[in-house]
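Reader: I am new to this structure and should be grateful for a close look at a single part of it. Please begin with whatever enclosed space there may be, and then relate that part to the rest.

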Amino acid sequence: MEVPVGCEHYSRGCELRAPCCGKFYICRLCHDNQETHKMDRFKVTQVQCLKCKRIQKAQQTCEHCNSIFGDYYCDICHLYDKDKKQYHCDGCGICRIGPKEQFEHCTKCNLCLPLSFTGNHKCIENVSRQDCPICLEDIHTSRVGARVLPCGHLLHSTCYEDMLKQGYRCPLCMRSALDMSRTWDQLDEEVAQTPMPPEYQNMNVHILCNDCSARSTVSFHILGMKCNSCKSYNTTQEGKPPSQTRTE
């Protein structure tokens, strides 16, 4: 049976009785948008069928008219929705979009990650419990997917796309958030074709690489200074300005 469209957030055939105020809302997000307090989805015990209006215990099918409240139902989160291959993750404590067999919970990151990330990502303890550094909103329970950066930090996928319109670095640690090798090759050519004025030639500066954390002493160039270790141009000048570090 087709599930009635419940609200802008979820497709479902029932309303939830909020345990905090006793009011009926299609979902916790609708509740939170209207009330001055948050709804605890885990404490929901009653729902109201949208078709026959019967108030009953939280379950997947109406006990009166047999309407299906949701193709997917979790009796822990009390999540009703159309089928998106969801599954409940005990480690995360909430439901995730699957399929389940394609994900594994990382106990250190405290997050479900694709199997391709197993042993192939940088762990940051409880990283999913931190707010998105761009929009400053919750990541763990957000309906917007999370993007795992090479440095291990998380952003909302939408915030990640917005970030790429402005730059290429993680807003927390400043490491490159994507493969910049082609850009560095192009910058090599531009540096080679752009000689510095005589007063800046043979002038060295100390730099710190944001990508590999190595420190180098390199020739100053207005277009960028290249890390001697990993060859990245994602570097920051340290110490004295160029005019005070000239070598004869």
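**The cavity and its surroundings**

Author: When the whole structure is searched, one cavity of 30 Å³ or more is found. The model is a predicted one, and every value below is computed from it. The volume of this cavity, the largest, comes to about 40 Å³. Its walls are made by Val-127, Gln-130, Asp-131, Pro-133, Ile-139, His-153, Leu-154 and Leu-172. By class, five of these lining residues are nonpolar, two are polar and one is charged.

Leu-154 leads from the cavity to the packing of nonpolar residues. This residue lines the cavity, and in the largest nonpolar core, which has 18 residues, Leu-154 is among the four that touch the most other members; the others of that group are Leu-149, Leu-155 and Tyr-160. At least two residues of this core come from each of β10 (111–114), β12 (154–156) and α2 (157–166). The element that gives the most is α2, with three residues. Such a gathering fits a broader pattern: in soluble globular proteins, nonpolar side chains tend to be buried together.

Leu-149 shows how the members of this group meet. Once its neighbours within four places in sequence are set aside, Leu-149 is in contact with Leu-155, Tyr-160, Cys-170 and Ala-177. Another core, of 17 residues, lies apart from the largest one and includes Tyr-10, Tyr-25, Cys-27 and Cys-112.

The open spaces may now be set beside the closed one. The largest pocket holds about 760 Å³ of space. It is lined by 33 residues, and those closest to its centre are Cys-95, Arg-96, Ile-97, Ser-142 and Arg-143. Two or more lining residues come from each of β6 (79–81), β7 (86–89), β8, β10 and β11 (146–148). In this lining, 19 residues are nonpolar, six are polar and eight are charged.

In the second largest pocket there is about 230 Å³ of space. Its lining has 13 residues, with Glu-137, Asp-138, Ser-142, Arg-143 and His-156 nearest the centre. Ser-142 and Arg-143 thus appear in the central group of the largest pocket and in that of the second largest. The helices α1 (28–34) and α2 each give at least two residues to the lining of the second largest pocket, and α2 is also a contributor to the largest core. Four nonpolar, five polar and four charged residues make up this second lining.

One strand of the largest pocket's lining, β8, leads on to a loop. Pro-99 is found in the loop between β8 (94–97) and β9 (103–106). Apart from neighbours within four places in sequence, Pro-99 is in contact with Lys-85 and Tyr-87. From Arg-17, Pro-99 is separated by 82 residues in sequence and by 29 Å in space, C-alpha to C-alpha.

A sheet completes the picture. Four strands, in the order β2-β1-β3-β4, form an open sheet with antiparallel pairing. Its edges are β2 (24–25) and β4 (55–57); each has a single partner strand, so one side of each is left without a neighbour in the sheet. Strand β3 (residues 46–49) runs antiparallel to β4, and three bridges join the two. Within this pairing, Gln-48 stands opposite Ile-55 in β4.

Methods. Residues numbered from 1 in each chain as written. Predicted model: local features only at pLDDT ≥ 70, side-chain atom pairs only at ≥ 80, totals over all residues. Heavy atoms only, no water. Pairing = 2+ DSSP bridges. 1 Å grid on protein atoms, 1.4 Å probe; cavity = no way out; pocket = protein on both sides within 12 Å on 5 of 7 lines; lining within 4 Å. Points joined across faces, edges and corners; volume = space filled by probe spheres on them. Nonpolar A, V, L, I, M, F, W, Y, C, P; charged D, E, K, R; others polar. Core = buried A, V, L, I, M, F, W, Y, C linked by side-chain atoms within 4.5 Å. Buried < 20%, exposed > 50% of the residue type's maximum accessible area, 1.4 Å probe, protein only. Contact = heavy atoms within 4.5 Å.
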